Amino acid sequence: MMRLELVKRPQRSALFSALSPFMAFVLTIIAGAIMFALLGVNPLTAFRIYFIEPVSQVWQLHELAIKAAPLILIAVGLSVCYKANIWNIGAEGQFIFGAIFGSAIPVLFPQFEGPLVLPLMLLLGMVGGAAYAAIPALLKTRFGTNEILTSLMLVYVAQLFLDWLVRGPWRDPQGHGFPQTIQFGDSAVLPELMPDAGRANWGFVFALIAAVLIWILMSRMLKGFEVRVLGSSPRAGRFAGFGLNRMVFFAFLLSGALAGLAGISEVSGAIGQLQPVISPGYGFTAIIVAFLGRLNPLGIVAAGLVLALTYLGGEAVQSALGISDKVARVFQGMLLFFVLGCDTLIHYRIRLIGLALTKPEAAAKLEAAPKLKEAR
Amino acid sequence: MSANQDGTNLLEVRGLTKIFGTLTACDHIDLDIARGEIHALLGENGAGKSTLVKMLFGSLEPNSGEIFWNGQAVRITSPGVAKKLGIGMVFQHFSLFEALTAAENIALSLDDGSPISSIAAKARALSYSYGLPLDPESMVGDLSVGERQRIEIIRCLLQTPQLIILDEPTSVLTPQEADKLFETLERLRSEGKSILYISHRLEEVKRICDRATVLRHGKVVGHCNPREETAASLARMMVGNEVQAVVRAPVEGIETAQPLLEIRGLTRKPATPFSIPLRNISLNVRAGEVIGIAGVAGNGQGEFFESVSGEVLQQDAASVRIRGKDAGGLTITGRRLLGAAFVPEERLGHGAAPRMKLSENLLLSRHATDGKAFVGTGGMVKSGAIYAASQRIIAAMDVRKSAPDPEAAALSGGNLQKFIVGRELDRRPSVMVVNQPTWGVDAGAAAHIRQALIELSRSGSAVLVISQDLDELFEISDAIAVMHNGELSKAMPIAEATFEKVGLLMGGAEPGHAEHTLETA
């Protein structure tokens, strides 16, 4: 009988930490090639259709920007949470509530028009996302609940709430019974950046601005320092006078607001109305984006573009090769799996332990293990 | 160096070398330990004592060099091998489970499957025969630090070692407990066992050790008979030059000086089953004086520090007053803004964030008090200003480091402590509260820190020092109070204090305490 053990490495390599996302990408390509081969498709053809063709024309780059914008917006918010060692898994729900809050204006007051409409919608979207994120924050600080569970469960509440809204009170009366709201008026639609070239809207600009602002926050500002201290050494943070409970609220409200902004931008930009499903899992995919981008806002911009491509590629292989677009989920899952795997193996190494050894010998081996490495 | 009489030493070490990256922690160490001797291993922090001992006990592998056991070349590849050879070790930091009994803890380390009852019987017999009485059925969490150390020693003796390594064994003991330990060690010596005794307390080494090996910067700088040396000459060998004696000018008119830190009836319930409650503590620290709080570790000092610093708030706002203002309800930031500064016991992870640069660690305790200097408009950190200020502190405190602005974890304990103390001194605080200011800090750095604390007080600040090191407290304090089981004795002026009086209080033997115990019992 053999047993696997993870043994912490005494030193971790800065080089490999930086390379980890790229190694993960290469491993994903290899595993993807095997998958395509098993599906009976020539992997080279499949990769060309999956990764190259979706970005070979200008209008397609616009589509990429549309998909990348919510991923980046959500992921930069999540990076602040994760740096603070606070685990918001519920961005998908905050995205939906942002969309609902922001849509309240064009749905409930369709006659209200003018230049004020859009800013108000965006603001309400952020408020909605933040308010929904405040629930797990409140539960954690008041009752000590695990925010991973509560924030995740609230996603399903949000999805069902949206479903009820668009089938019930907010359904378009002239919509022939389809579960959707009315089409937003012109002043409630997020304008396109370059209407002649493609559909990309201001959401992508919001994403880039958010990435730069969060980067400044985390690397240059006292608040970012507070996030990093509390995340890495909570006791030192308490000594510094930083409150952990306040940080829980800050991180949740900030990431919730950005997820909410992503939600209302998606609805008022790409979709133009509320419908039962408004996100192909952006809130969850953004978790992959955050880690693939090393929790660094600028890295997240790059990672967001890569993950956006997996969505486009999934649609492309479906139409060109007849393969289910669920293949996009497979690629996203593999990317996360490999990046976490690479990170783990950068910090730890695997040892095989024979259970046949007597306990003291095994214990002695374990104690000696990290030192062997040092001696080299 | 005394020659070995019978030709074979129990342990001989030749040219033992250990390299970590660019640092040579042990550089061609030679060491002989004869049968039936107490051999001292002396050296400052970072001199390589721990590394050497870890190689002897098999937790580190040397890069080169040889170890001879009874004249035979051996490779000690693991602690298991060391134990089989007959080498036992008592660590400075105990590895005991508080929620288990003494006997259960011993059984865990023996790992030979014998029933607890027989282990308990053996442990009891052994402990009484060595004059270290121990009840094997008692829960570790209920035992004093001295008693816990006994478990470690008994655990080690049960494996009938030939060589026992003791790492700073008296650092957690009262003087009376230390005396008991010395009797045991002499008894072991008379049975022909050898002891490698690691310490930086020179008086102890002179008292019980037969020979001493002195390390400095990873090299052996000398072998000597400590009985023929003076404490000063031993210190000179360790440090390389005469350690600057701490100078403490007497203070006058202190009775009329204004108390800057007042603690009135401070009470705190235990936060966990194993933490100590604080019982009605009162103390005044006046401008211009240093008050020392002595006590064996784990008698409420940590809880007291947290309460005074504001990491834990008090319900009664008047139970902690800083510069005449009620501070019990204020957070640590609020108390800092009143002019107080704090240095906790734990350096890494409490006083400093390990993976952050020194300049960022400066911000840790001073982001609010020096808000204008270090933080600009809109909460932007002025990285130039914190870098300059951290360099100023590094220069003032002589902090030695390998890079201009290294991570805190990259510094040795002593150098990081100098930085953390310097970070607070740089503010010229009017109240300074320090927990274990020189714990694990080398002699040179310790003298520097102590002198700095005295000077701070003489410039008109109130300084409160919590320490387990009695020598230190007698060196710097104007009055000493003793903490025992969450109670604080009256502060006695240094002129009236003796080691014996303080030692008795540390053991809990004060009439005042006895009455109080009766009341609460």
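# Reading two sheets and an interface

User: In this predicted model, which residue of β2(B) does Glu12(B) stand opposite?

Analyst: Glu12(B) faces Asp32(B) in β2(B). The strands involved are β1 (residues 11-20) of chain B and β2(B), which run antiparallel and are joined by seven bridges.

User: What is the strand order of the sheet that holds β2 and β1 of chain B, and how are its strands paired?

Analyst: It is an open sheet of four strands, ordered β2-β1-β4-β5 in chain B, and the pairing is antiparallel. β2 (23-33) and β5 (72-74) of chain B each have a single partner strand, so these two form the edges and each keeps one side without a neighbour in the sheet. Ignoring direction, neighbouring strands of this sheet are turned against each other by 30° on average. Helix α1 (residues 49-56) of chain B packs on the sheet and touches β1, β2 and β4 (64-69) of chain B, with its direction making about 120° with that of β1(B).

User: Which strands stand at the edges of the sheet ordered β12-β11-β14-β15 in chain B?

Analyst: That open sheet of four strands also has antiparallel pairing. Its edges are β12 (278-286) and β15 (325-326) of chain B, each of which has a single partner strand, so one side of each lacks a neighbour in the sheet. Strand β14 (residues 320-322) of chain B pairs with β15(B) in the antiparallel sense over two bridges, and Lys325(B) in β15(B) is the bridge partner of Ile322(B). Helix α9 (residues 301-309) of chain B lies across β11 (259-268), β12 and β14 of chain B, and runs at about 120° to β11(B).

User: How should I read a salt bridge, and how many does the structure hold over all chains?

Analyst: Side chains of opposite charge can pair when their charged atoms come close. Over all chains the structure holds 38 salt bridges. One of them joins Arg124(B) to Asp135(B), with the closest N and O atoms 3.9 Å apart, a value that falls within the 4 Å cut-off. Because Arg124(B) belongs to helix α4 (residues 116-129) of chain B and Asp135(B) to the loop between α4 and α5 (145-157) of chain B, the pair ties together parts that are 11 residues apart in sequence.

User: What area is buried between chain A and chain B?

Analyst: The size of an interface is often given as the accessible area lost when the parts come together. Between chain A and chain B about 2600 Å² is buried, and carbon and sulfur atoms give 58% of that area. In chain A, Leu222(A), Phe225(A) and Phe239(A) lose the most area to chain B, together 27% of what that side buries. The contact takes 26 residues from chain A and 36 residues from chain B.

User: How many salt bridges and polar contacts are counted between the two chains, and which elements of chain A take part in the contact?

Analyst: The count between chain A and chain B is three salt bridges, among them the pair of Arg228(A) and Glu360(B), whose closest N and O atoms are 3.0 Å apart. Eight residue pairs are in polar contact across this interface, with both residues at pLDDT 80 or more. On the side of chain A that touches chain B, the elements giving two or more residues are α7 (202-220), α8 (222-232), α9 (234-239) and α14 (359-375) of chain A. Of these, α14(A) gives the most, with nine residues. By type, the residues of this side of chain A divide into 14 nonpolar, three polar and nine charged.

Key: Residues numbered from 1 in each chain as written. Chains lettered and ligands numbered in written order. Predicted model: local features only at pLDDT ≥ 70, side-chain atom pairs only at ≥ 80, totals over all residues. Heavy atoms only, no water. Contact = heavy atoms within 4.5 Å. Buried area = accessible area lost by both parts, 1.4 Å probe. Salt bridge = Lys/Arg side-chain N within 4 Å of Asp/Glu carboxyl O. Polar contact = N/O pair within 3.5 Å; in protein donor to acceptor, adjacent residues only side chain to side chain. Nonpolar A, V, L, I, M, F, W, Y, C, P; charged D, E, K, R; others polar. Pairing = 2+ DSSP bridges. Axes fitted to C-alpha atoms, helices over the stretch in contact; angles between N-to-C directions.
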